[in-house]
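Biologist: Before I use any of these labels, I would like each one set against its cut-off. Please take the terms in turn.

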Amino acid sequence: MYILVLCFCFSIIRKFRLARMLSGRLLLVSTLFAVTRSVPVDRNVKIPEEQNNVEDKEEDSLDTGLYYDRYLREVIDVLETDTHFREKLQAANADDIKSGKLSKELDFVSHHVRTKLDELKRQEVSRLRMLIKAKMDATTDQNVQIDHTSLLKQFEHLDQQNQHTFEARDLEMLIKAATRDLESYDAARHEEFKRYEMLKEHERREYLKSLDEEKREKEERRLEEMKQKHKEHPKVNVPGSRDQLQEVWEETDGLDPKEFNPKTFFKLHDTNGDGVLDEQEMEALFTKELEKVYDPKNEEDDMMEMEEERLRMREHVMKNVDTNHDRLVSLQEFLKSTERKDFSNTAGWETLDEKPAYTEQELRQFEADLAVQEAELGKRAEQLWKEHEDLKQRERELQEQKKEYQQAVMQMAQRQKAPQVQEQPPSGPQEELQFVGDKQPEKEKIEQTHLQTETLPPTEPPRNQPDQAS
């Protein structure tokens, strides 16, 4: 089992998977670490291999939802291997951890542990740089130089000035960041649910507008009937009241309600035997109340609303019972809450259908913001479509060029394969070869012939010719 390094975050870490249950099915979540007040464990007892595998899978599946969740887990896994740090942790309280007093004990851990922590930090810095680069590449010009050192300052769970070694300041910053981020979860969860409800109402109104008058009236009647059917449920007891706890005592534990004993009740529902009720164990107590209102088989019951109701119930109990605000309910705090006057409150719990998550003004503002977002998305979609058409046109042009190049290549190949006809050189009057260098201009030829005629000797008159005078 794991040691709870961030014990003040013990129950906060557990609730994240519950918040993600939109279908209404409860997810079984085990603890990330064992609290320092855990009962002794007999190490001679052999745990079945199948049970070990199930526990390992549950621990691996836990997710706080923090963007540095893996880094947080790995740091805790390494720290718990150090005997000195483990002993100091067992003696520390939540205030010591929050104030950073425990972080100073990092200087006394073994060299082997420090080396592993250094490597984890370098890996985390490298991962953050990759995230920054991916974000910058998607939003800015790729030629812009990125100053990773300055951009790393936006991450507050590690010391950006020292990016190579894990120091006491790193542990202190990790604890503070996890505390702040996890404690802000409830507020973010309520805002998320409010947006969910407003979007659902917006879509309902838009759908009704799209119908003709007859169909709209029929649909409005159907929706109103579903709404009224959802409201028809048994009384929901106030979470943490006597009536609510006695109902669990009787129906879940199978005990006589007249023999209700707060101390026995506490021990029965401290399922891991660590001496405290964490938020998961507290929320399990509200299942019977929630089943009165929500049924996943009913169309009118929204399972997202059920999880919001569970969150509201848990906040109500923690506000009244968790006096030291460590998100854990000790036996003393629980017993003290049963002595309060409002413990015997018999009034019913005001459910979400009686207390809307938003006002009409908030809905109008939400719809106005939604219209602006839709307009921006429309412009962006139009721009992307234009770019798409331009790319298609460019692709067609490239295809045409490709065809022209292919045709040119084919023509050149055909010319190379065709037989070449050799031309005969010109010949003279005596069939002698005449080359280009032997050719003479026509005028020069006539002059040369005339010169040859003048140099010839005079011809003799023919003999044996009769004399014309006689």
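Modeller: Rings of Phe, Tyr and Trp (for Trp, its six-membered ring) pair if their centres lie within 6.5 Å; planes under 30 degrees apart count as stacked, over 60 as edge-to-face and the rest as tilted. The structure holds seven aromatic pairs. This is a predicted model, in which local features need pLDDT of at least 70, side-chain atom pairs count only at pLDDT 80 or more, and totals for chains, interfaces and linings use all residues. Residues are numbered from 1 along each chain as its sequence is written, and side-chain values use heavy atoms, with hydrogens and water left out.

Biologist: What makes Y67 and F155 a tilted pair?

Modeller: Their centres are 5.7 Å apart and the angle between the planes is 55°. The distance is within 6.5 Å, and the angle is neither under 30 nor over 60 degrees, so the pair is tilted. Y67 and F155 are 88 residues apart, each in a loop.

Biologist: Why is F155 called buried?

Modeller: Buried means under 20% relative accessible area, exposed over 50%, and partly exposed in between, with a 1.4 Å probe and protein chains only. F155 has 10%, so F155 is buried. Y67, at 41%, is partly exposed.

Biologist: Why is the pair W249 and F260 called edge-to-face?

Modeller: The ring centres are 5.4 Å apart and the planes meet at 75°, which is over 60, so the pair is edge-to-face. W249 and F260 are both buried. They belong to one aromatic cluster with F265, F266 and F334.

Biologist: How do you know that E191 and K194 meet in a salt bridge?

Modeller: A salt bridge is a side-chain nitrogen of Lys or Arg within 4 Å of a carboxyl oxygen of Asp or Glu. For E191 and K194 the N to O distance is 3.9 Å, so the pair qualifies. The two residues are three apart in helix 9 (residues 185-209), about one helical turn. Helices are DSSP runs of H or I, at least four residues, numbered from the N terminus. E191 is partly exposed at 38%, whereas K194 is buried at 17%.

Biologist: What makes K288 and E291 a salt bridge?

Modeller: Their closest N and O atoms are 3.9 Å apart, so the 4 Å limit is met. K288, at 26%, is partly exposed, and E291, at 49%, is partly exposed.

Biologist: How many salt bridges does this rule give?

Modeller: The count comes to 36. D186, E279, E283, R314 and R327 are linked in a network of them.
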